[in-house]
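Student: I have the coordinates open and I'd like to test a few labels against their cut-offs. Can we go through them one at a time?

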Amino acid sequence: MSALLLKKFRWLRYICPVVIIVTLILLLWTLRSRPNQNFRIRTQSSQPQNPVRPPKPVHCGPAQTAPPGSDVSLVAVKETKTILVSAYQEHRTEKRMVRVIAVVLRSETVAYRCVFCCMGQQHISEGFSNVHVDHFGFAYGTADIMCPLPSSCESPSHVTVTSAADSQEKPDKVYLEVKNKKTESDAFRYNFTVCISTMFDFNNVLQLVQSFETLQLLGVDRVVVYKTNSSPETQRILEYYTEKGLVEVIPWTLSRFLNMSRGWLPEHGPGEIHYFGQIPVLHDCLYRYMYQSRYVALHDIDELILPQSVDSWLELLPLLENKYDRPCFMFENNVFPNTVAVTHLNSLTSPSDWQKVPGVNILTHLYQEPVSSEYSNFKTIVNPRAVFSLTVHGLLDPETFQVCSWVERNIARMYHTRHPRQPKLTQKELIYDDRLLRYGGRFKRSFLYSCTSSDS
């Protein structure tokens, strides 16, 4: 019996090494056939067993950005009454931020969350809003939603703003492109940009073209028009000057979201926001051209700032810079009633080609109302890089009289051809001023062509 057991143990002594060797060979063969398989040794960690997942990457492609086809694509913030207008990187604050221009319901309190897109990765920061004080008593007003940039996202390509109560996981966010990512202030593309406030129900073709021609003679190289709607004739004029490179037309569609007022006060026109959203328009134009234009002028299409001793803004602004040493200049408003016309019409002031063009001929309205303190106001030409926020007449931050100088009327003043402010004045009480004729005599033939072709 012992001999038999001994014989079995001897047999196992030879078989076991063979089994072990075969097993190792099979294991090595298995590992080689799966080279991409990762084997990790689990170790204890101080990390929680269920850590918070990092934000999922988002792709800021066309499907997630504001709809193409216009430079201002308004975005409604879900679960709020907030409407986003545009986004600009802010380089002048102590902490780097993105400024999102918005229209807000003033009575609503919202905690905002800013969602940035950097290299396809989502980054979050808590935003805060500053509502502009110039809302003229309407329910909605302009606001800046300030979004601090996370250290992990110093140059975002896109941003959106959500309510803090909104879920971060929702994939249907609509992003705005972040503009002004670089400060290109050494070589400006334009010397002078004029920001025209909202254009709606517009059909004053002749005055529009005369204003464009005069602005070109003054040295303006860009006019920005935020258009809601206009007549077909006006649209053809805008297209003509767009092709020439003077005009940029920006579709303004705030009326899809809010009830627009056609007045500057609620009692002058019912609605939810002042004058078709004039303030957010001017605010956007200021930031849009902050690093493209040396100066920005903020006035309406029926207003023209005319120098008195020189002929152009190119000559005027160096004089003002030397005299006042300020980044902002205020020009006195002078009203030229479009109800009072000169009687000595000629081929210069009213050629036959113009008489069939709809609108006001500013060259025939050369009588000015005396400046009344009751109606005295002004418009400005500013260095946009010195301004944080503005209003229709002047600035909000910094305040107008901190940085703006009042330009003496014998140096330059504003010519405002419109319905009378003082309708009881007789023609004898008005003041004759033919400064406009100095520019009207230099209008190019292209002006005549553009007018007559628009009416054909």
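Tutor: Let's start with Asn334: setting aside neighbours within four places in sequence, Asn334 is in contact with Gln368, Val371, Arg409, Arg413, Met414, Tyr415 and His416. Keep in mind that this is a predicted model.

Student: Where is Asn334 found, and why is Asn334 called buried?

Tutor: Asn334 is found in strand E14. Buried means under 20% relative accessible area, and Asn334 has 0%, so the label fits.

Student: What makes the link between Asn334 and Gln368 a polar contact?

Tutor: The distance test goes like this: the N or O atoms must lie within 3.5 Å, and the side chains of Asn334 and Gln368 are joined at 2.9 Å.

Student: How far apart are Asn334 and Tyr415, in sequence and in space?

Tutor: They are 81 residues apart in sequence, while their C-alpha atoms are 5.3 Å apart. For the protein as a whole, among contacts with a separation of 6 or more, 78% are between residues 24 or more positions apart.

Student: Now Asn361. Is Asn361 buried or exposed, and how do you know?

Tutor: The cut-off for buried is under 20%; Asn361 comes out at 9%, so Asn361 is buried. Its place is in the loop between strand E14 (328–337) and strand E15 (367–368).

Student: Which residues does Asn361 touch, and which side chain makes a polar contact with the side chain of Asn361?

Tutor: Not counting residues up to four places away in sequence, Asn361 touches Leu206, Gln210, Thr349, Ser350 and Trp354. The polar contact is with the side chain of Gln210, at 2.7 Å, and the limit is 3.5 Å.

Student: What makes H4 a mostly covered helix?

Tutor: The count does: 11 of the 11 residues in H4 are buried. Among them are Gln278, Ile279 and Pro280, and these three also line the second largest cavity.

Student: Why is that space called a cavity rather than a pocket?

Tutor: The test is escape: a 1.4 Å probe fits in a cavity but cannot get out, whereas a pocket is open. The structure holds 3 cavities of 30 Å³ or more, and about 50 Å³ lies in the second largest.

Student: Which elements each supply at least two residues of that cavity's lining, and how do its residues divide?

Tutor: Strand E6 (140–148) and helix H4 (278–288) do. The lining divides into 4 nonpolar, 6 polar and 1 charged; Asp134 is one of the lining residues, and Asp counts as charged.

Student: How much space lies in the largest pocket, and which residues are closest to its centre?

Tutor: About 1,000 Å³ lies in the largest pocket. Of its 37 lining residues, the closest to the centre are Tyr275, Asp300, Asp302, His416 and Arg418. His416 is also in contact with Asn334.

Student: Which elements give two or more residues to the lining of the largest pocket?

Tutor: They are strand E9 (190–199), helix H2 (205–218) and strand E20 (412–418). E9 gives the largest share, 4 residues. By type, the lining divides into 11 nonpolar, 17 polar and 9 charged.

Student: And for the whole protein, what share of the residues is buried?

Tutor: Buried residues make up 50% of the 456. The protein has 8 helices and 21 strands. It exposes about 23,500 Å², with carbon and sulfur atoms supplying 53% of that.

Note on methods. Residues numbered from 1 in each chain as written. Predicted model: local features only at pLDDT ≥ 70, side-chain atom pairs only at ≥ 80, totals over all residues. Heavy atoms only, no water. 1 Å grid on protein atoms, 1.4 Å probe; cavity = no way out; pocket = protein on both sides within 12 Å on 5 of 7 lines; lining within 4 Å. Points joined across faces, edges and corners; volume = space filled by probe spheres on them. Buried < 20%, exposed > 50% of the residue type's maximum accessible area, 1.4 Å probe, protein only. Polar contact = N/O pair within 3.5 Å; in protein donor to acceptor, adjacent residues only side chain to side chain. Contact = heavy atoms within 4.5 Å. Areas by Shrake-Rupley, 256 points an atom, 1.4 Å probe, with all protein chains shown as cover.
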